[in-house]
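Here's a quick walk through a few corners of this protein, picked for how the pieces sit against each other. Have the sequence and the 3D view open as you read.

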Amino acid sequence: MKSPMRRLVAVTTVATMLTLTACSGEDGTTEAGDTTAVQVGNKWTGGPVTVDLWHDNKAIQPAVDAFNAAHSAEGIQIKFTETTELNTAVRNAFAAGNAPDLFVTQTADLASFISEGIAADVSRYYQSIAADYAKTVNEAVTTGGRQWAVPAASIPTFMLYNSRVFQANGVKYPTTYEEVLEAGKALKPKNVSIMNVAGEDPTPYIYMAWEAGARWYRLDGDAWTVNVDSEQTRRSAEFFDKGLADGIFSKISYAEYAAMMQQYDSGAIAARQLSTWQTKGMQANLKTSLGSWDPEPNLKWNGNPATNAAFTRVFTTTSKSDAADAAVFAAHALSSTADTINALGSPVTGLSYFPAVADPKPYIASSLPDKLLGANGKDWEPVVTQAVSEQADGWTYGPNWAGAFSQLQDLWGKAVAGQMKAVDIAPALQKWIVDDLKQQGIGVAGA
C-alpha cells in the first residue's frame with residue numbers, strides 16, 4: 001500500500017488519514033493494529049543505534065553533546081546535521097528515501113507534515129511521557145486524538161521595553177493593545193517607533209487574533225470548520241490598520257536583521273513582543289542599549305482576560321525511519337532531562353529555548369539574558385512565570401496550513417506596504433483555505 005497511501009493521505013481529512021497511516025509495509029510506518037503501548041524510559045536498552053537529527057541552528061549541539069555523554073554506555077548516540085531551508089530539505093529527503101530519523105519543526109508546520117505522511121504517529125509512545133510536559137504543548141502535538149511529535153520547547157510570550165526610551169519621553173509602558181496605539185502616537189514626534197512590523201511575518205496578526213478569541217481551524221468529525229473571517233480576527237486587523245495609518249510602526253524585514261538590531265540599539269524602536277528564544281539574538285547584537293531592556297507581561301485586549309498565544313517547537317520522527325523507538329527516546333531525553341534542558345535554554349551557547357516540561361520553574365533563572373536586562377533582570381522570573389501560566393490553548397492548524405500561510409504572507413506583505421487593508425486579509429484567506437480544502441477532497445463543514 002505504500003504508493004496509494006501516500007497519494008490518499010494528501011487528499012483526505014486528518015481523521016481519515018489517521019486510519020490510512022496505520023497501514024504499512026516497507027516505508028517504516030506502523031503496521032495496522034500495532035498500537036501496543038511502548039514505555040519510554042530514562043535509559044536506552046535497545047542496542048547500538050545512531051539517531052540522525054536535523055535542525056537549522058547549530059546551537060542545538062551542546063544539548064546533543066550532553067545527551068551523547070549521558071548515554072554513550074547505553075549504545076545510543078545522536079548525529080546532528082545543521083540543515084538550511086529545513087522544511088524543504090526534509091521534504092526532499094523524504095521523497096528521495098533518505099530523510100533523517102528526527103527533525104525540529106514547529107506546530108504551525110506539523111499539520112502539513114502529517115497530511116503529507118512525513119510525520120510519524122508516535123501515540124504508542126506518548127502515554128508514557130505525556131505527564132512530563134505542559135498541557136498546552138501536549139495539546140499542540142495532538143491532532144485527531146493522536147500524537148505526532150515530542151515537544152521540544154514552549155514559547156510563552158511577553159514584552160520587552162527599552163526603559164531609557166520610555167523614561168526619557170515620559171511615556172508609560174502600555175499594558176493593552178489599545179494602549180500601544182496611544183503610546184505609539186506619543187513617541188512618533190520623537191522619531192521613535194513603538195514596535196517593528198515585518199512585511200514577511202504575519203505571526204503577530206495571527207497571535208493577536210488568537211488572543212482575541214479567534215480559532216481559525218477546527219476538526220468536527222470528518223470535516224473542517226474554517227473561521228478565519230471572524231470578529232476576533234478583525235479586531236487584530238484593525239489594530240494594525242490603525243497603527244500603519246498613524247505611522248507608529250517601523251517596517252524592517254528580518255532579512256535586514258543587523259539593521260533591525262541597530263534600530264533597537266539606538267532607541268528608534270521602543271518595544272518588542274517576543275519569547276525567550278529571541279532574547280539571545282538581542283543580547284548578542286545590541287551594544288549601547290544593553291541593560292536598558294525591561295521584561296513586562298504580555299499585552300492584552302481591553303475586556304479580555306490576560307493570555308498569550310504562540311507556537312510550540314517539536315521533535316518530529318519521520319515515518320520512514322527504521323529507528324522510531326530510538327528517535328522518540330532521544331527526543332524525550334533532550335527535552336525533559338535537566339542537563340539537556342539547560343543546554344537548550346542557554347541564552348549564550350544554546351538556543352534560548354524555554355522548556356516544554358510540566359514544571360519549568362527550576363529552569364527559568366538559567367534562561368535569564370542578564371546582559372540584555374541588567375538591573376531589570378529582577379523582573380525576568382515573575383514575568384516569564386506569568387507568561388507560562390497565561391498561555392492560550394485550543395488553536396489548531398489545518399491540513400493545508402503550509403499553503404495557507406504562504407497566501408497569508410503575500411496578503412500581509414501587501415497590507416504592510418499599504419497596498420491593501422489588513423481587514424481585507426481574513427475574507428481572502430478564508431476563501432483560499434476553503435477552496436483549497438475542497439479541491440483536495442477534504443471535507444469542509446457547511447460547504
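In which hand does H4 pass H5, left or right? The crossing is right-handed. Keep in mind throughout that this is a predicted model.

## Where H4 meets H5

Helix H4 covers residues 86–96 and helix H5 covers residues 107–115; their axes come within 12 Å and cross at roughly 15°. An angle under 35 degrees counts as roughly parallel, so that is how H4 and H5 lie relative to each other. On the H4 side, the contact is made by Asn87, Val90 and Arg91, and on the H5 side by Asp109, Ser112 and Phe113. Sorted by class, that contact is a mix: two nonpolar, two polar and two charged residues.

What about H5 itself, buried or exposed? Nine of its nine residues are buried, so H5 is largely enclosed by the rest of the structure. The buried set includes polar and charged names such as Thr107, Asp109, Ser112 and Ser115, alongside Leu110, Phe113 and Ile114, among others. Just after H5 comes glycine 117, with a positive phi of about 80°.

## A three-stranded sheet around S7

Next, look for the open sheet made of three strands in the order S12-S7-S13, with antiparallel pairing. S12 and S13 stand at the edges with a single partner strand each, so one side of each has no neighbour in the sheet. From one strand to the next, the twist averages 25°.

S7 spans residues 158–162, and five of its five residues are buried, so the strand is largely enclosed by the rest of the structure. In a regular strand, side chains alternate between the two faces of the sheet. Here Phe158, Leu160 and Asn162 point one way from S7, while Met159 and Tyr161 point the other way. Both sets are buried.

Now for the pairing. S7 and S12 (residues 271–274) are antiparallel and share four bridges. Within that pair, phenylalanine 158 sits opposite leucine 274, and leucine 160 has arginine 272 as its bridge partner. On the S13 side (residues 293–296), four bridges again join the antiparallel strands. Which residue of S13 is the bridge partner of leucine 160? That would be proline 295.

## The S9–S10 hairpin

S9 and S10 form a hairpin with two residues between them. Glycine 221 is in the turn and has a positive phi of about 65°. The strands, S9 at residues 217–220 and S10 at residues 223–226, run antiparallel and are joined by four bridges. Leucine 219 faces tryptophan 224 of S10 across the pairing.

Which way do the S10 residues point? Ala223 and Thr225 go one way, Trp224 and Val226 go the other, and all of them are buried.

## Two loop residues worth a click

Serine 289 is in the loop between helix H13 (276–285) and S13. Why does serine 289 count as buried? Its relative accessible area is 2%, and the cut-off for buried is under 20%. Beyond its neighbours within four places in sequence, serine 289 contacts Asn162, Arg164, Tyr264, Asp265 and Leu372. Asn162 also turned up above, as one of the buried residues of S7.

Aspartate 56 is in another loop, between strand S1 (49–55) and helix H3 (61–71). With 43% relative accessibility, aspartate 56 counts as partly exposed. Leaving out residues up to four places away in sequence, aspartate 56 touches Glu82, Thr83 and Leu86. If you want a distance to check in your viewer, try tyrosine 257: it is 201 residues from aspartate 56 along the chain, and their C-alpha atoms are separated by 17 Å.

## H19 against H20

Last stop: helix H19 (residues 401–416) and helix H20 (residues 425–439). Their axes come within 10 Å and cross at roughly 160°. H19 and H20 are therefore roughly antiparallel to each other, and their crossing is right-handed.

Which residues meet here? H19 brings Gly403, Ala404, Gln407, Leu408, Leu411, Trp412 and Ala415, and H20 brings Ile425, Ala428, Leu429, Trp432 and Ile433. By class, this contact has 10 nonpolar and two polar residues, with no charged ones. An α-helix has 3.6 residues a turn, so residues three or four places apart point the same way.

Technical notes. Residues are numbered from 1 along each chain as its sequence is written. This is a predicted model: local features need pLDDT of at least 70, side-chain atom pairs count only at pLDDT 80 or more; totals for chains, interfaces and linings use all residues. Side-chain values use heavy atoms; hydrogens and water are left out. Axes are lines fitted to C-alpha atoms, for helices over the stretch in contact, and angles run from 0 to 180 degrees between N-to-C directions. Angles under 35 degrees count as roughly parallel, over 145 as roughly antiparallel, 65 to 115 as roughly perpendicular and the rest as oblique. A crossing is left-handed if the near helix is turned anticlockwise from the far one by less than a right angle, and right-handed if clockwise. Contact means heavy atoms within 4.5 Å. Buried means under 20% relative accessible area, exposed over 50%, partly exposed in between (1.4 Å probe, protein chains only). Two strands pair if DSSP finds at least two bridges between them.
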